[in-house]
Amino acid sequence: SRGGREEAPVTKPFAMDRARLPPGMARLVASRGGKNLSAHQYRFSVLVITFLSYMMYHASRKPPSIVKSVLNPTDEQRRAGVPGWAPFNGPDGNEMLGQTDVAFLAAYSVGMFFSGHIGDSMDLRVFLTYGMVGSGLFVCAFGFGQAWEQHSMAYFIFVQIAAGVFQSTGWPSVVSVMGNWFGKSKRGLIMGVWNAHTSVGNILGSLLASAMLKTGDWGNAFVINGVLTIACGWLVYMFLVVAPEDAGHPSPHGAAGEAGGDGLLGGKDVSENVSDGAVGSINHGSNHPVSPKRKPQAAGFKAALKIPGVVTFSLCLFFTKLVAYTFLYWLPFYIERTEIGGVYLTPAQAGRLSTLFDIGGVAGGILAGYVSDRFNARSLTSAGVVYLSIPV
């Protein structure tokens with residue numbers, strides 16, 4: 001002690017916190033001379049990376065709906081020189097195309113059940129990376145069917161099942177990461193803006209696939225989306241910080257972060273400056289570092305069902321998804337086969353026109369999020385939007 005006053009304990013660097021940073025983020029911090037990023041900078045990076053991640057998950061689901069008319073053309077298109085692609089160009093072509101959709105969605109729904117449990121037991125960054133790379137590879141594999149002269153229905157069914165399994169890793173992972181970083185304040189607006197990734201992904205996937213059809217190569221409609229999905233998986237692995245504790249920041253759900261952790265990018269920064277290169281130390285008037293992250297115990301299936309609102313909102317989402325996926329997989333095909341103003345659109349034109357549905361989804365999601373926050377009526381907002389969609 002000096003002058004009768006005790007010296008404050010010296011904060012030691014958090015070696016484990018630094019080790020938990022993704023490779024790209026660790027290099028970024030090192031390039032700043034060991035100065036840590038602020039909490040709102042990390043939140044912004046999480047918002048952007050998870051948005052891009054699930055955007056590409058959805059973009060990679062769009063090619064099947066865009067190329068359906070090319071794989072199974074109409075009689076008029078056949079006379080114009082469009083042969084289609086076996087086995088989908090036969091009399092049962094539409095049914096076979098539907099079977100590939102069912103294969104994907106069945107594997108996706110079953111995989112979703114297990115992905116949540118698996119994601120709870122491992123690093124979500126790694127789990128999400130595996131999912132994106134695997135998904136991208138099998139989306140590419142569907143497109144490679146053209147170059148490899150694949151005409152086996154079993155091949156396309158297998159590819160769709162595998163793609164569905166890997167795609168199921170996305171939603172549980174990104175939602176969990178977002179939950180780690182954002183508090184309850186303005187959650188409706190945050191999720192409304194962030195959830196636009198589904199519609200933006202559908203738009204991007206449709207436009208990319210439609211552009212590839214102009215070259216006469218339907219396989220590239222899958223390959224371009226698959227490659228971009230893999231590239232986004234690399235971005236996740238290099239830069240996604242799963243939880244605030246991994247970067248030396250307190251959780252917005254704990255006592256340390258409750259006051260300032262809420263909001264889109266707000267909150268008081270508690271570790272903007274890291275002395276002596278310590279990534280995990282904090283500077284908010286206390287010399288005690290953030291506690292190491294402890295993974296919460298996952299709730300079982302029965303326990304999850306007992307959470308208020310889970311069953312009700314699950315049923316709501318079930319019927320909403322039923323409509324959404326009908327539009328996702330069949331809207332371009334329906335538009336292409338329907339006479340509009342006395343003419344029939346090409347598959348590429350139908351794909352571009354179908355994006356209007358998703359443009360409405362972006363605006364509607366943000367508006368619904370704002371209304372739910374403004375009036376604190378999340379259930380009423382959800383029910384109202386569903387009822388309004390029935391006439392459409």
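Trainee: Which residues in H6 meet H8?

Mentor: Happy to start there. This is a predicted model, where local features need pLDDT of at least 70, side-chain atom pairs count only at pLDDT 80 or more, and totals for chains, interfaces and linings use all residues. Residues are numbered from 1 along each chain as its sequence is written, and side-chain values use heavy atoms, with hydrogens and water left out. With contact meaning heavy atoms within 4.5 Å, the H8 side offers Met153, Phe156, Ile157, Gln160, Ile161, Ala163, Gly164, Val165 and Gln167, and the H6 side Met96, Gln99, Thr100, Ala103, Phe104, Ala107 and Tyr108.

Trainee: How many residues of the contact of H6 with H8 are nonpolar?

Mentor: Ala, Val, Leu, Ile, Met, Phe, Trp, Tyr, Cys and Pro count as nonpolar, Asp, Glu, Lys and Arg as charged, and the others, Gly among them, as polar. By that split the contact has no charged residues and five polar ones, and the nonpolar ones number eleven.

Trainee: At what angle do H6 and H8 pack?

Mentor: Helices (H or I, at least four residues) are DSSP runs, numbered from the N terminus. Axes are lines fitted to C-alpha atoms over the stretch in contact, and angles run from 0 to 180 degrees between N-to-C directions. For H6 (residues 93-120) and H8 (residues 153-167), the axes are 7 Å apart and the angle is about 30 degrees. That makes H6 roughly parallel to H8 (angles under 35 degrees).

Trainee: Is Thr100 buried or exposed?

Mentor: Thr100 sits in helix H6. Leaving aside neighbours within four places in sequence, Thr100 touches Phe88, Met153, Phe156, Ile157 and Gln160. Buried means under 20% relative accessible area and exposed over 50%, with partly exposed in between (1.4 Å probe, protein chains only). Thr100 has a relative accessible area of 4%, so Thr100 is buried.

Trainee: Which residues in H14 meet H4?

Mentor: Helix H4 (residues 63-71) and helix H14 (residues 310-336) pack at about 30 degrees, with axes 7 Å apart. H4 contributes Pro64, Ser65, Ile66, Lys68 and Ser69, and the partners in H14 are Leu328, Tyr329, Trp330, Pro332, Phe333 and Glu336.

Trainee: How many disulfides does the structure hold?

Mentor: A disulfide is a covalent bond between the sulfur atoms of two cysteines; here the test is a pair of cysteine sulfur atoms within 2.5 Å. Cys140 is buried at 5% relative accessible area, and Cys232 is buried at 7%. The number of disulfides in the structure is zero.

Conventions
Helix = DSSP H or I, 4+ residues; strand = E, 2+ residues; numbered from the N terminus. Parallel < 35°, antiparallel > 145°, perpendicular 65-115°, else oblique.
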